[in-house]
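Student: I would like to learn how to read domains and contact surfaces in a model.
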Amino acid sequence: MKLDSMYQDVILDHYKHPHGRGLRDGDAEVHHVNPTCGDEITLRVKYDGSRIEDVSYEGQGCSISQASASVLNELLVGKELAEAQRIQATFLELMQSKGRIEPDDAMEEVLEDAVAFAGVSKYPARVKCALLSWMAWKDATAQAMGDAERKTV
Amino acid sequence: MTQLPGLLDTEALRKDFPILDRVLHDGKKLVYLDNAATSQTPRQVIDAVSEYYERHNANVHRGVHVLAEEATALYEGARDKVAAFINAPSRDEVIFTKNASESLNLVANMLGWADEPYRVDRETEIVITEMEHHSNIVPWQLLSQRTGAKLKWFGLTDDGRLDLSNIDEIITEKTKIVSFTLVSNIMGTVNPVEAIVRRAQDVGALVLIDASQAAPHMPLDVQALQADFVAFTGHKMCGPTGIGVLWGRQELLEDLPPFLGGGEMIETVSMSSSTYAPAPHKFEAGTPPIAQAVGLGAAVDYLTSIGMENIARHEHAITEYAVRRLQEVPGLRIIGPVTAEDRGAAISFVLGDIHPHDVGQVLDEQGIAVRVGHHCARPVCLRYGIPATTRASFYLYSTPAEVDALVEGLEHVRNFFG
């Protein structure tokens with residue numbers, strides 16, 4: 001029963017049918033690993049000014065880490081950076097809640113499919129799986145923006 | 001209930017381990033199959049540690065009061081017990097550390113600071129294997145980086161054994177130290193000690209054996225192994241965490257320099273220099289893990305009372321049954337030897353393309369504790385082209401019924417992700 005709260009159908013669906021998987025052209029690329037379990041992701045971001053044109057990725061890992069990357073792609077591509085950062089911060093807050101946050105309508109509006117990960121936040125060993133791609137995206141974005149800044153100076 | 005020849009009376013034995021009675025997740029009985037990570041603790045060990053704190057707690061080797069003398073006698077008594085357990089020629093060859101990692105690091109650092117003929121430098125070579133735990137890889141990488149010595153290793157065969165076909169090229173006249181595991185923590189492989197030791201001795205290299213996965217499971221005789229150093233840890237053999245052992249040949253311990261400096265390891269100290277206590281104290285700077293050593297002594301008593309031969313026979317029977325039953329699970333592939341021959345009771349496997357993390361999660365929901373990941377042996381995963389494995393590891397209290405529970409649990413996993 002508890003298991004179903006982690007492995008929501010939405011998550012299993014993203015795992016089996018990932019969105020936007022595969023590496024495509026990007027402004028920056030990062031490789032992140034989860035040293036405790038061997039999950040790995042290579043992720044690229046492509047920006048059109050401050051708009052996210054693409055997030056492409058390749059990796060191996062558990063259903064949670066893979067589904068999370070798929071959800072990220074679905075949520076963030078096409079968004080303005082500021083909004084994407086707000087989504088990322090909200091997702092981080094949810095994942096660090098240790099199961100204490102019951103997502104409300106406002107949160108669901110921001111996170112869409114990503115609210116399905118609320119159950120994962122009860123499993124400390126799996127929170128890192130869910131966050132792997134989001135941390136990679138943050139890192140890649142910082143690199144892409146840093147490069148962009150250096151180019152304009 | 002499945003009866004196998006050679007099994008211990010687990011029904012009686014399991015009463016010694018209070019934790020095995022735990023019930024998890026709404027009524028699921030704990031099936032503890034993560035013994036290669038840490039073993040459970042019998043009442044006898046828990047009591048010995050409690051009694052130490054309730055009645056004898058003091059610092060060792062430095063008081064004239066009753067408690068200090070009792071604590072010292074208990075701590076040194078544990079050394080005697082460990083020495084007898086591994087058939088050490090002398091109790092002074094038994095160094096207490098905090099774990100096997102510290103024991104292995106200690107040897108690497110002794111050699112890094114040693115004078116000739118032990119000194120590891122840019123002209124020399126270090127040999128390990130591809131199936132080592134990270135704790136027997138990283139200290140040698142560090143030593144190699146700091147001294148310029150070349151790090152070499154034995155590769156693995158497809159069936160999870162050491163590839164010794166090029167042993168004469170790997171271990172050469174330049175080799176100063178050969179460090180390898182007696183039993184693989186990820187694949188369960190029992191390695192051919194004699195062949196490696198013989199070659200090392202031919203070229204005059206020292207041999208360090210990581211016995212972390214052996215000491216809990218089989219008779220360990222450091223003289224029969226003919227190694228120069230043997231390392232293991234207490235918490236995998238019914239003892240507490242925080243206590244490890246390094247056994248070393250006496251003449252080496254006399255010749256080699258200390259690593260950590262501090263109290264207890266000295267003879268005299270002036271502001272300009274110091275002289276050192278004889279081994280083992282030379283290598284035990286600072287207040288040691290006293291209660292933990294006492295607990296390890298109690299664990300050694302416990303294991304000895306059951307008999308290491310009997311434990312090995314029990315685990316062999318369980319392993320034989322487990323590898324057979326596991327191979328009946330569709331899509332399951334064992335990483336490592338697929339028979340119980342020359343193999344310990346740690347069994348790694350992959351299940352179709354279901355990630356081990358997911359396998360472990362669904363098993364946990366049924367009360368079954370396994371380890372998932374790369375088991376601090378990532379090179380093995382790279383070698384076999386897999387991201388991680390699920391590992392079930394058995395011990396003296398494991399039963400055929402627990403193997404059955406695992407197999408049933410894996411069916412459930414397949415259905416869940418099917």
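The dialogue below takes up the two domains of chain B and then its contact with chain A.

Student: How should the numbering and the model itself be read?

Tutor: Residues are numbered from 1 along each chain as its sequence is written, while chains are lettered from A and ligands numbered from 1 in the order in which they are written. This is a predicted model, in which local features need pLDDT of at least 70, side-chain atom pairs count only at pLDDT 80 or more, and totals for chains, interfaces and linings use all residues.

Student: Which domains does chain B have?

Tutor: Domain bounds come from an automatic or database domain assignment. For chain B, domain 1 covers 10-32 + 307-417 and domain 2 covers 46-305. Their C-alpha centres are 28 Å apart.

Student: How many residues of the two domains are in contact?

Tutor: Contact means that the C-beta atoms of two residues, placed from the backbone, lie within 7 Å. In chain B, 23 residues of domain 1 touch 22 residues of domain 2.

Student: Which element gives the most to the domain 1 side?

Tutor: Helices (H or I, at least four residues) and strands (E, at least two) are DSSP runs, numbered from the N terminus. On this side, α11(B) gives the most, with five residues. α11 (308-326), β14 (346-351), α13 (378-383) and β17 (389-393) of chain B supply at least two residues each.

Student: What about the contact with chain A?

Tutor: There, 13 residues of chain B meet 10 residues of chain A. On the chain B side, α12 (356-365), β16 (371-373) and α13 give two or more residues, and α12(B) gives the most, with four.
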